[in-house]
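Student: Could you take me through one part of this model up close, turn by turn, and then show me what else is around? I'd like the local geometry first.

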Amino acid sequence: MTRGDRLVVAGVLALAALAWPATYLAAAGRADVAVVTGPGGTSQIALRPDRTLEIEGARGPLTLRVRDGAVSVLDAPCPDRLCVHQGQVCAAGAALVCVPNGVSVRVGGGSDALDAVIR
Amino acid sequence: MRSTPSSARSWAPRVVAVAGLLVALGAVLGLVESALLPPLPVPGVRIGIANIAVVFALALLGPRKALAVSVLRVVVVGIAAGTLGGPSLVLALAGALGAWAVMAALSTRGSRFSVVGWSVAGAAAHVVGQLIAASVLTGSPAPLLFAPVSLALALVCGLSVGLAARLLLLRLPLAVNVEVRGS
């Protein structure tokens with residue numbers, strides 16, 4: 001490894017370390033709501049009480065489950081179902097993403113909060 | 001041994017053959033990777049073993065041919081996996097172009113960076129490119145929230161791929177009539 005290589009490694013590490021707190025700042029620290037963005041627009045959902053929700057995605061409806069203050073994708077019409085495998089999230093700044101359906105769910109932050117602060 | 005730098009000679013048969021081999025190698029590695037390895041729960045993060053083909057192309061053939069190898073590889077994988085035209089292809093292209101741009105920039109800085117540095121920077125740019133593309137596709141900054149985990153994984157993957165590429169470049173009897181850079 002050359003000196004330049006070590007700089008690159010340090011740079012990527014620094015970027016990851018800086019991005020981590022930024023994700024929490026972007027979520028405004030709230031863990032009781034989630035922002036759902038889909039082809040139909042953006043809406044905010046409360047993470048209580050427990051229930052299941054249908055979100056219209058680009059390829060069909062996604063089923064979201066809200067349970068014990070956490071949200072997960074129960075079922076989705078996409079080929080690899082990565083969004084279902086992402087499991088449930090509850091911490092502010094955590095997110096679920098289904099790219100084929102153009103749907104994302106992120107915990108925390110109101111729809112009026114900052115989009116993201118990545119420095 | 002250096003090839004004549006004139007454009008007429010730059011796509012000599014041997015160079016075309018090596019570029020084709022690297023496209024095939026990258027496509028197979030990419031398919032094996034998506035078929036055999038379980039998808040990581042982070043969208044946009046592949047371990048990126050296929051990037052070794054692009055690292056090789058940069059070292060043996062230079063930035064412009066490496067771009068051709070990278071884009072063709074994505075297209076071949078898209079055709080084989082049946083994702084041509086879908087969002088997966090957009091993600092793959094965003095990652096590939098991001099990785100290529102950063103690696104090509106480092107590879108033109110003489111010997112300051114080796115293939116290991118290219119590979120690590122390329123892996124990070126691959127992830128960042130994919131997360132930005134995913135943000136655009138979903139119309140939400142949510143994918144960017146995966147950046148910390150993805151970058152950490154990219155560092156590990158980039159290091160492994162870079163070290164493997166360096167070992168191979170130093171040991172393989174390279175039949176290309178060009179200068180090997182970055183080793």
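**The hairpins of chain A and beyond**

Tutor: Start where strand 3 of chain A runs into strand 4 of chain A: a hairpin with two residues joins them. Helices (H or I, at least four residues) and strands (E, at least two) here are DSSP runs, numbered from the N terminus. Bear in mind that this is a predicted model: local features need pLDDT of at least 70, side-chain atom pairs count only at pLDDT 80 or more, and totals for chains, interfaces and linings use all residues. As for labels, residues are numbered from 1 along each chain as its sequence is written, while chains are lettered from A and ligands numbered from 1 in the order in which they are written.

Strand 3 (residues 51–57) and strand 4 (residues 60–67) of chain A are antiparallel, with seven bridges; strands count as paired if DSSP finds at least two bridges between them. Leu53(A) has Leu64(A) as its bridge partner in strand 4. Carry on along chain A and strand 4 pairs again, antiparallel over five bridges, with strand 5 (residues 70–75). There, Arg65(A) sits opposite Ser72(A).

The turn of this second hairpin also has two residues, and Asp68(A) is in it. Which sign does phi of Asp68(A) have? It is positive, near 50 degrees, in a residue other than glycine. Most residues other than glycine have a negative phi, and most peptide bonds are trans. Asp68(A) is also exposed, because just 9 other C-beta atoms lie within 10 Å; the cut-offs are 12 or fewer for exposed, 20 or more for buried and partly exposed in between, with C-beta atoms placed from the backbone.

Go back towards the N terminus and there's a cis peptide bond, from Arg48(A) to Pro49(A), with omega near -5 degrees. Pro49(A) is in the loop between strand 2 and strand 3 of chain A.

Strand 2 belongs to an open, antiparallel sheet of four strands in chain A, ordered 2-1-8-7. Strand 2 (41–46) and strand 7 (95–98) are its edges, each pairing on one side only. From one strand to the next, the twist averages 15 degrees; axes are lines fitted to C-alpha atoms, for helices over the stretch in contact, and angles run from 0 to 180 degrees between N-to-C directions. Strand 1 (residues 33–38) and strand 2 of chain A share six bridges, antiparallel, and one of the pairs is Ala34(A) with Ile45(A).

Chain B is another story: seven helices and zero strands. Of its 183 residues, 51% are buried. Helix 3 (residues 51–61) and helix 6 (residues 115–138) of chain B pack at about 130 degrees, axes 11 Å apart. That's why the two helices of chain B, 3 and 6, are called oblique to each other: angles under 35 degrees count as roughly parallel, over 145 as roughly antiparallel, 65 to 115 as roughly perpendicular and the rest as oblique. Residues making this contact include Val55(B) and Leu58(B) of helix 3, and Trp118(B) and His126(B) of helix 6; contact means C-beta atoms, placed from the backbone, within 7 Å.

Helix 6 of chain B also meets helix 7 (residues 147–171) of chain B, where the axes come within 7 Å and cross at roughly 145 degrees.

Terms used
Two residues are in contact if their C-beta atoms, placed from the backbone, lie within 7 Å.
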